[in-house]
Amino acid sequence: NKSNTFIGLIALLISFQSTSQNPLVTHMYTADPTARVFNKKLYVFPSTDIVCEEGKGENGFCMPSYNVFSTTDLTTWTDHGKIIDQTDVPWGKKDGFGMWAPDCVEKDGVYYYYYPAPPLDKSGFRRVGVATATSPEGPYTLEKDYIKGVNGIDPNVLIDDDGRAYLYFGGGKTLFVAELNEDMKSIKGTAKKIENLPEGYKEGSFMFKKDGVYYFTFPHDKSGSEEIAYATGKNPMGPFEYQGRIMERWKDGIWTNHHSILEYKKQWYIFYHHHDISKNQHLRSMRADSLFFDSKGLIKEKKATLR
Ligand code: FUB
C-alpha cells in the first residue's frame, strides 16, 4: 500500500546518506577522489574498488564503475549512486574492471566527465573517454569513442580563467598535458611531456590555480609507495619548477595515494585515499584533510589524519 511505499522510500533515502569525517564514506570502497565545487555543493568523483574474483582486474584492482557523492559540510555525504558502469562504455572492455581515476568539470552548463578504461581495440593500457550531463549527478551520455591522441590514465582537466581547457594525464614514468579543443572532447595537436619533475613513477596529476600560480601536483613513487608532490609554474603547460612534498608516503602496506585539492567555503582541502578500513591496498577509502599555504604561496606539508 501507499504508506508502505512511502516508508520504503524514506528508508532508501536515509541509506544513501552517511555521516562521517575520515574515511568519508564506509558503505563501499572508494579511491582516487576528485573533488569539485558545483552549485555551492562539494562533489566528489572517486573510482570504486571491489573484491577481485580470481582472474579479474589488473594489478590486484577490480574497479567496475563510478559513483558520485556530495556534501555541504564535509560530514554528511550523499551517495547519488552509480553514474557509469564498465558495461556502458561503447569502446571499452565490458569486463575490464579497469575504470581508474576520473575527473569532472563544468563548462557553459555542461558537465564533462573524463574517465580511463581498458579499450576493446587493445590500442593501449587505458584510453580516456568523455561523458556529458546537465547535472553533476548525471545522467551521463557517453561519447562513442575515446579521445584520440590520449593514451594513459588518470585524466584531470583545468579550465583556465580565459576559458581555455587543459587535459593532464599519466603514462608510467611520464605525465602529459594537452590543450582541449572547444568541444572538450578532443585535443589540439599532440600531448606534450611535462619536464623537470623527479625521476620515477608518476601518476594521478591534479592541476589547480591559485593567485595566478599553476600548481601541478602528482603522486610520485619514492621507495615503495607514493608520496604526493608538486611543482609550480606561470603557464598551464609548463615549464614547472619542482617544489617538494605535500604528503609523505604510506608506510603501512599500501602503494598508491591519489589526491585532489580545492577550496570550499574559504578553506583549502586535500582529498586522498588510504586502506584504513580494509587493510587491503586494493580496497581503499577516500578521505580529506584541510590544507594550508605559507605566505609565499607554498603548500605546507600535510600529515594524514589516520584512524
Ligand atoms: O586506482 C587505480 C589507480 O591507482 C589510479 O588510477 C592511480 O592513480 C592509483 O591510485
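**Note on strand pairing and the ligand shell**

1. Strand E14 (residues 206–210) and E15 run antiparallel and are joined by five bridges. The model is a predicted one. Within this pair, Lys209 has Tyr214 of E15 as its bridge partner. Two residues lie between the strands of the E14 and E15 hairpin, where Asp211 takes a positive phi near 50°.

2. E15 also pairs on with strand E16 (residues 225–233): nine bridges join them, and the two run antiparallel. Phe218 is matched with Ala229 in E16 as its bridge partner. This pair is again a hairpin, with two residues between E15 and E16, and Ser223 in the turn has a positive phi of about 50°.

3. As to burial, strand E15 (residues 213–222) is mostly covered, and seven of its 10 residues are buried. E15 is thus described here by its bridges to E14, its bridges to E16 and its mostly covered state.

4. Further along the chain, E18, E19 and E20 make an open sheet of three strands, in the order E18-E19-E20 and with antiparallel pairing. Strand E18 (260–264) and strand E20 (285–291) are at the edges; each has a single partner strand, so one side of each is left without a neighbour in the sheet. From one strand to the next, the twist averages 30°.

5. Inside that sheet, five bridges connect E18 with strand E19 (residues 267–274) in the antiparallel sense. One register point can be checked at Ser260, whose bridge partner in E19 is Phe271.

6. Trp255 sits in the loop between strand E17 (240–247) and E18. Is Trp255 buried or exposed? Neither label applies: a residue needs 20 or more other C-beta atoms within 10 Å to be buried, and 12 or fewer to be exposed. Trp255 has 17 such atoms within 10 Å, so Trp255 is partly exposed.

7. The surroundings of Trp255 involve other parts of the sequence. Leaving aside residues up to four places away in sequence, Trp255 touches Ser225, Glu226 and Gln281. Ser225 and Glu226 fall in strand E16 (residues 225–233). Trp255 and His275 are 20 residues apart in sequence, and their C-alpha atoms are 9.9 Å apart in space.

8. Another set of paired strands involves E3, E4 and E5. Strand E3 (residues 41–49) and strand E4 (residues 65–71) run antiparallel, joined by three bridges. Val44 has Phe69 in E4 as its bridge partner.

9. E4 is in turn joined to strand E5 (residues 76–85) by five bridges, and these two also run antiparallel. Ser70 is paired with Thr78 in E5. The hairpin of E4 and E5 has four residues between the strands, and Leu74 takes a positive phi near 60° in it.

10. Which residues are around the ligand? They are Ala31, Asp32, Ser47, Phe61, Trp100, Ala101, Ile153, Asp154, Glu203, Gly204, Thr256 and His258. Strand E2 (29–38) and strand E10 (153–159) are the elements that give two or more residues to this shell. By type, the shell divides into five nonpolar, four polar and three charged residues.

11. Two links between the shell and the earlier points may be of use to the reader. Ser47, one of the residues around the ligand, belongs to strand E3 (residues 41–49). Thr256 and His258 are also among the residues around the ligand, while Trp255 is placed in the loop between E17 and E18.

Technical notes:
Residues are numbered from 1 along each chain as its sequence is written. This is a predicted model: local features need pLDDT of at least 70, side-chain atom pairs count only at pLDDT 80 or more; totals for chains, interfaces and linings use all residues. A residue is near a molecule or strand if its C-beta atom, placed from the backbone, lies within 6 Å of it. Ala, Val, Leu, Ile, Met, Phe, Trp, Tyr, Cys and Pro count as nonpolar, Asp, Glu, Lys and Arg as charged, and the others, Gly among them, as polar. Two strands pair if DSSP finds at least two bridges between them. Axes are lines fitted to C-alpha atoms, for helices over the stretch in contact, and angles run from 0 to 180 degrees between N-to-C directions. Two residues are in contact if their C-beta atoms, placed from the backbone, lie within 7 Å.
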